[in-house]
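Here is a short guided look at a model with two chains, written for someone meeting it for the first time. Take a moment with the view below, then read on.

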Amino acid sequence: MTSKLRYKALVLALLAMTSLPRPLHGAELDGKFTSLFESRQNRDGTREAVLDNYLRLDLDKLFVTPLSLHAYGKYGTELNNGPDSTDIYHLYAQYRTFQGETDLKLGRFPLESHRFLTLDGAYLTMRPEGRIGAAIYAGQPRYLEFYPEQIQNRFRDTGDYLAGGKLFLQGVEGARANVYYSREGKDGTVYREIVGAGGGKDFRFNLLSSEVKMSADGSLDYNTDQAAIDKLTARLFFAFDKKLRLLMQADRYDIRDDYPADRQLIISLLSTGREDRIFYTLTYDLSTNFSVYQGSVFTGLRMPDGVWQNGTIVRGGVTVNFIKPAGLDLDAGVYRFESFLAKASGVSATLKWRPLRLWTTQAGVEAVLYDAPFRSNKTAKTVSAEVGYSPVSRLKLAFFAEQSDNPEFKSDFRTGLRLDYNFGFATGSPGLSGPRKEVRQ
Amino acid sequence: MKHTVIRLSVLIILIFVAAGCARFVYRTPAQNFKHGVHKEILTKMDYECLDCHKFLKIKGRSFKGALEESEIGLYPRKVICHFCHVDTETRVGSSPYQCATCHDDLYAIRPETHVREWKKFHAVDAKNDRQSCTACHKEWFCSDCHTRRDTVQSVMHPKPYRSFHYVEAQIDPAGCSACHTSSFCTDCHSGKKRRYN
């Protein structure tokens with residue numbers, strides 16, 4: 001189906017949903033519409049004007065209480081006789097009984113199995129009485145791919161299949177556990193077959209007269225096809241006195257996939273698939289308005305010649321939150337990346353200010369100095385500003401401008417207008433439901 | 001083609017503006033509450049109206065004042081919502097994306113684990129305890145970062161990142177693999193794709 005036809009079908013579906021409330025009596029609609037007009041520079045120096053529209057819909061209680069429909073898609077076009085593009089990020093019907101005792105999804109939906117992907121298929125979860133629940137799924141994974149024009153980022157049909165399932169612990173407060181299986185391949189070839197287990201536990205106690213919260217989580221993925229541990233993860237969370245918070249994680253990867261070259265994992269492309277990684281983030285609230293943070297990533301990579309190469313990322317900064325008293329929010333930080341071949345050091349700052357209830361302003365700056373073989377000592381920087389008008393919490397119109405100077409690319413001055421509209425209403429009985437307020441997630 | 005696209009875009013905007021205008025006013029938490037969704041379970045669990053709502057003596061003399069007082073009086077407040085959706089001992093179920101019924105700023109009520117770099121750590125929970133995610137988030141929240149690629153929102157990388165992305169790729173390619181496959185590299189580095197600067 002062409003983009004134009006898909007777009008027309010989408011419009012017709014929307015018209016039907018909004019103009020025929022009778023068959024949907026009692027159904028409740030929530031959604032968000034985002035429209036962006038942007039003028040930007042191409043590689044050849046010409047400019048293009050792009051209109052991108054995003055629509056997200058959640059239609060609950062469709063015909064019967066457990067049935068719902070969820071959609072999220074994009075329509076973009078280049079206004080100067082350029083290409084257009086339609087994409088559906090997810091579109092699925094869900095039948096979910098009370099508390100998800102039976103939960104069936106049919107269509108295209110995001111899936112977290114041995115990795116995150118989008119699946120065209122079915123996912124059934126059963127949560128019977130007792131401590132054990134079960135889920136199974138099957139379908140075709142979708143891969144996002146760039147097409148020759150920037151606005152065309154579409155899912156590609158590869159003919160692959162993915163199937164799997166899991167058993168999980170339910171109804172135990174502060175504890176989680178599951179065992180899972182997944183198999184991905186095409187025809188007789190298995191790209192990845194994973195058997196895994198994961199779990200975690202929360203702890204709460206007092207230390208030095210202060211409350212301490214801890215949680216420990218982990219998972220193990222075993223590649224049965226390759227007879228090797230695919231990924232091993234351990235994570236620890238520690239919160240002391242509601243001011244100090246530490247998140248720390250250690251991963252070991254030994255990815256041995258048999259994907260075709262075009263959808264191989266990046267870790268397999270840039271190493272032998274073997275990586276050890278430790279990373280943490282430490283946050284301390286100096287007061288209700290000031291916080292400082294510091295985080296690091298330490299990695300070791302095994303290269304095709306068998307040599308291990310190390311890398312480090314270090315970040316740190318401060319967040320200032322005066323939103324309630326002065327409408328002011330500041331985030332400023334520094335970072336440094338060091339790989340075995342190159343280095344990059346940067347600073348970033350974002351200031352948001354809401355001087356009046358209806359108006360929001362935002363300014364940001366980011367500058368990076370990087371040094372790599374054949375690219376020594378170059379600086380990239382971006383300066384941006386945005387003014388927004390929000391007559392009601394659910395509607396926001398913003399004008400933005402951004403200047404980017406990247407030595408590897410052309411300098412780019414980008415301007416645009418963005419409309420965000422959150423809506424929600426009951427198609428049936430008025431007064432029992434209202435629109436969702438725009439929220440900050 | 002161009003005019004058709006613009007006309008259709010305008011039509012979509014008009015549909016939703018028209019649909020939303022009917023309630024284009026501030027809605028109180030009580031108005032936002034979805035009685036229909038709760039009817040079945042409340043009946044099943046033998047809860048009566050007065051278990052959540054209480055009577056209040058109306059002092060206002062004007063209709064508007066009386067309405068406001070009535071609204072405040074009938075509003076069940078935090079303890080009622082949290083009894084079924086939050087409190088550990090009495091919780092019967094999650095209520096994804098409904099926290100905004102009362103909470104204006106979800107950032108203020110985020111879990112303690114959701115620190116500044118939480119994005120790097122969230123995969124363990126998504127895998128082991130997806131229900132803890134869906135207690136607050138709907139599926140589109142995943143798609144927003146993992147699937148959607150555009151210049152409208154910068155959810156992961158700052159703009160200058162293009163210039164030095166290879167440094168992080170050399171340090172932590174497993175981190176790239178969380179969202180991208182190798183075609184994401186080769187599509188650009190082959191030199192024949194992407195027109196936009």
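## Chain A: contacts and make-up

Among the contacts in chain A between residues at least 6 apart in sequence, 43% join residues at least 24 apart. Keep in mind as you explore that this is a predicted model. Chain A has 441 residues, and 33% of them are buried. Its secondary structure consists of three helices and 23 strands.

One buried residue you can look up is D52(A), which sits in strand β2 (residues 47-60) of chain A. D52(A) counts as buried because it has 20 C-beta neighbours inside 10 Å. Another residue, K32(A), is 20 residues away from D52(A) along the chain, and the C-alpha atoms of the two are separated by 14 Å.

## Chain B: a chain of helices

Now turn to the other chain. How many helices and strands does chain B have? The secondary structure of chain B comes to 13 helices and zero strands. Reading along the sequence therefore gives the pattern α-α-α-α-α-α-α-α-α-α-α-α-α, where helices and strands are DSSP runs.

Of the 197 residues in chain B, 20% are buried. If you take the contacts in chain B with a separation of 6 or more, residues 24 or more positions apart account for 41% of them.

## Three strands in a row

A good place to follow strand pairing is in chain A, starting with β18 (residues 328-338) and β19 (residues 343-353). These two strands run antiparallel and are joined by eleven bridges. To find one matching pair, look for D329(A), which stands opposite K352(A) in β19(A). β18(A) and β19(A) form a hairpin, with four residues between them.

The strand β19(A) also pairs with β20(A), again in the antiparallel sense and over eleven bridges. Here S348(A) has E366(A) in β20(A) as its bridge partner. β19(A) and β20(A) form a hairpin too, this time with five residues between them.

## Where the two chains share a core

Which residues have the most contacts inside the largest nonpolar core? They are F337(A), A342(A), A344(A), V368(A), Y370(A), F164(B) and V167(B), in a core of 13 residues. The elements giving two or more residues to this core are β20 (359-371) of chain A and α11 (161-171) of chain B. Of these, α11(B) gives the most, with four residues.

A344(A) is a handy residue to click on. Leaving out residues up to four places away in sequence, A344(A) touches F337(A), V368(A) and Y370(A), along with F164(B) and V167(B) from the other chain. Apart from this core lies another, made of nine residues, among them Y259(A), I267(A), L270(A) and A174(B).

## Two loop residues with positive phi

S209(A) is not a glycine, yet its phi is positive, at about 65°. You will find S209(A) in the loop between β11 (189-207) and β12 (210-223) of chain A. Is S209(A) buried or exposed? S209(A) is exposed, because it has 6 other C-beta atoms within 10 Å.

D241(A) is another residue other than glycine with a positive phi, near 60°. Its place is the loop between β13 (228-240) and β14 (244-254) of chain A. D241(A) has 13 other C-beta atoms within 10 Å, so D241(A) is partly exposed.

## How confident is the prediction?

Chain A has an average pLDDT of 84, and 86% of its residues score at least 70. The pLDDT is below 50 over residues 19-24 of chain A, a stretch with six contacts in the model beyond near neighbours in sequence. Residues 429-441 of chain A also have a pLDDT below 50, and this stretch has 40 contacts beyond near neighbours in sequence.

For chain B the mean pLDDT is 74, and 69% of the residues reach 70 or more. Among the elements of chain B, helix α2 (residues 29-32) has the lowest mean pLDDT, 59, and helix α7 (residues 118-121) has the highest, 90. Over residues 22-26 of chain B the pLDDT is below 50, with five contacts for this stretch beyond near neighbours in sequence. The model as a whole scores ipTM 0.82 and pTM 0.81.

Note on methods
Residues numbered from 1 in each chain as written. Chains lettered and ligands numbered in written order. Predicted model: local features only at pLDDT ≥ 70, side-chain atom pairs only at ≥ 80, totals over all residues. Core = buried A, V, L, I, M, F, W, Y, C linked by C-beta atoms within 7 Å. Buried ≥ 20, exposed ≤ 12 C-beta atoms within 10 Å, placed from the backbone. Contact = placed C-beta atoms within 7 Å. Pairing = 2+ DSSP bridges. pLDDT = per-residue confidence, 0-100.
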